[in-house]
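User: I'd like to go through this model and ask how each label is earned. Could you set the values against the criteria for me?

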Amino acid sequence: MKAAVLIAPNQPLEIEQLQISKPGPHEVLIRTAACGLCHSDLHFIEGTYPHALPAVPGHEAAGIVEAVGSEVRTVKVGDAVVTCLSAFCGHCEFCVSGRMSLCLGAETRRAPGAEPRLSRGDGSPVAQMLNLSAFAEMMLIHEHACTAIDPEMPLDRASVIGCAVTTGAGTIFNACKLTPGETVAVVGCGGVGLAAINAAKIAGAGRIIAADPMAEKRDLAIKLGATDVVDALAPDAAAQIQELTKGGVDHAIEAVGRPASGELAVKSLRRGGTATILGMMPLSHSVGLSAMDLLSGKKLQGAIMGMNRFPVDMPRLVDFYMRGLLDLDTIIAERIPLEQINQGFETMKSGASARSVIVFDQ
């Protein structure tokens with residue numbers, strides 16, 4: 001199969017022909033239909049987050065099940081599926097207490113010494129990134145890293161549910177548990193931030209403020225449900241949000257992974273408000289609350305992958321799209337072939353557009 005391989009940090013991905021193993025007892029072989037380009041991939045490509053190399057990145061995908069292992073019970077051949085990087089074991093403390101996205105998922109990977117899922121023609125292994133490696137024509141994954149969806153759902157739109165929408169919308173529904181009428185500020189209007197804005201509208205937020213330095217992104221935010229927009233780099237951005245809401249927001253969501261964005265989220269809170277950090281901050285960075293913030297009852301939390309329960313959440317998000325509530329069409333800026341993946345990441349770096357999605361020939 002054809003795949004985009006990361007050989008060394010800060011180098012363009014290389015298109016190679018790789019070998020893919022046969023499904024083990026709990027594994028699913030998927031023909032990839034589409035995969036979004038996520039900023040999380042860029043962190044690994046640029047080396048700011050370490051990973052074993054060579055590896056195939058990509059984790060925001062949808063496709064069709066080609067084959068299943070002998071013990072697979074959750075999907076079948078021919079199913080349309082969305083994949084998710086937060087693969088879960090199903091029986092650890094996190095899973096049984098409803099916090100599936102925190103599962104370390106060791107049992108969803110092949111054991112050390114076993115045949116690798118991906119390899120080159122000479123037999124040398126290629127690392128699987130984030131349980132998926134979706135920048136490839138095929139994926140071989142654990143059954144607890146995908147879920148079946150409505151077969152009528154367009155798979156290019158379904159792919160962005162796998163990360164951006166699950167993270168952004170999941171944060172609103174699961175981590176924030178937004179009550180209708182509450183106010184929200186979203187800092188960073190890429191795919192995750194736009195999905196959070198759209199979900200806040202669905203959930204009935206009273207006011208939704210989008211903060212981003214790019215005018216184009218602010219325009220997209222308005223289209224997806226933002227009631228107000230602010231230039232995130234304006235020196236008085238926090239003061240603007242405080243003034244718009246007469247004291248700050250109930251929920252501030254950081255969706256880009258910049259230290260300054262985390263600070264803006266905290267400064268935008270009202271008394272008793274909660275800041276949720278979604279972006280992948282530099283590993284050495286800390287986000288905090290001041291003594292006065294603590295005395296004001298403010299809270300700070302992380303929400304990996306939106307604290308999703310993806311076998312439940314993803315079919316619901318698909319239903320929201322099919323019913324016209326979730327706007328995935330606006331989130332997708334362009335559709336490109338695998339061969340243009342490096343240009344797609346250059347577009348991402350420019351910061352002017354939303355999601356690029358790789359579409360594979362079916």
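**Labels and the values behind them**

User: Why is Glu 27 called buried?

Analyst: Glu 27 has a relative accessible area of 6%. Buried means under 20%, so Glu 27 qualifies. Please keep in mind that this is a predicted model.

User: What makes Glu 27 and Arg 110 a salt bridge?

Analyst: The closest N and O atoms of Glu 27 and Arg 110 are 2.7 Å apart. The cut-off is 4 Å between a side-chain nitrogen of Lys or Arg and a carboxyl oxygen of Asp or Glu, so the pair counts as a salt bridge.

User: Why is this pair said to tie together parts that are apart in sequence?

Analyst: Glu 27 belongs to strand E4 (residues 27-36), while Arg 110 sits in the loop between helix H2 (93-96) and strand E8 (118-119), so the salt bridge links parts that are 83 residues apart in sequence.

User: Is Arg 110 buried, partly exposed or exposed, and how do you know?

Analyst: Its relative accessible area is 24%. That value falls between the 20% limit for buried and the 50% limit for exposed, so Arg 110 is partly exposed.

User: How do you know that Glu 60 and Arg 355 meet in a salt bridge?

Analyst: Their N to O distance is 2.9 Å, and a salt bridge needs these atoms within 4 Å. The pair therefore meets the criterion.

User: Which parts does the pair of Glu 60 and Arg 355 tie together?

Analyst: Glu 60 lies in strand E6 (residues 60-68) and Arg 355 in strand E19 (residues 355-359), so the tied parts are 295 residues apart in sequence. Both side-chain partners, Glu 60 and Arg 355, are buried.

User: What makes Arg 323 exposed and Asp 319 partly exposed?

Analyst: Arg 323 has a relative accessible area of 52%, and exposed means over 50%. Asp 319 has 35%, which lies in between the limits of 20% and 50%, so the label is partly exposed. These two residues also form a salt bridge, with the closest N and O atoms 3.0 Å apart.

User: Which residues do shared salt-bridge partners join into one network?

Analyst: The network holds Asp 156, Arg 157, Asp 329 and Arg 335. The structure holds 20 salt bridges.

User: Why is Thr 245 called buried?

Analyst: Thr 245 has a relative accessible area of 15%, which is under the 20% limit, so the label fits. Thr 245 is found in the loop between helix H6 (237-244) and strand E15 (249-254). Apart from neighbours within four places in sequence, Thr 245 is in contact with Thr 183 and Ile 209.

User: What makes Glu 182 partly exposed?

Analyst: The relative accessible area of Glu 182 is 22%, between 20% and 50%, so Glu 182 is partly exposed. Glu 182 occupies the loop between helix H3 (155-175) and strand E12 (183-187). Beyond neighbours within four places in sequence, its contacts include Ala 205, Arg 207 and His 251.

User: How do you know that the radius of gyration agrees with a compact globule?

Analyst: For 362 residues, a compact globule would have a radius of gyration near 21 Å, and the protein has 20 Å, so the values agree. The C-alpha trace spans about 60 × 40 × 40 Å along its principal axes. Buried residues make up 55% of the 362 residues, and the secondary structure comes to 11 helices and 19 strands.

Key
Residues numbered from 1 in each chain as written. Predicted model: local features only at pLDDT ≥ 70, side-chain atom pairs only at ≥ 80, totals over all residues. Heavy atoms only, no water. Helix = DSSP H or I, 4+ residues; strand = E, 2+ residues; numbered from the N terminus. Buried < 20%, exposed > 50% of the residue type's maximum accessible area, 1.4 Å probe, protein only. Contact = heavy atoms within 4.5 Å. Rg over C-alpha atoms; globule rule 2.2 N^0.38 Å.
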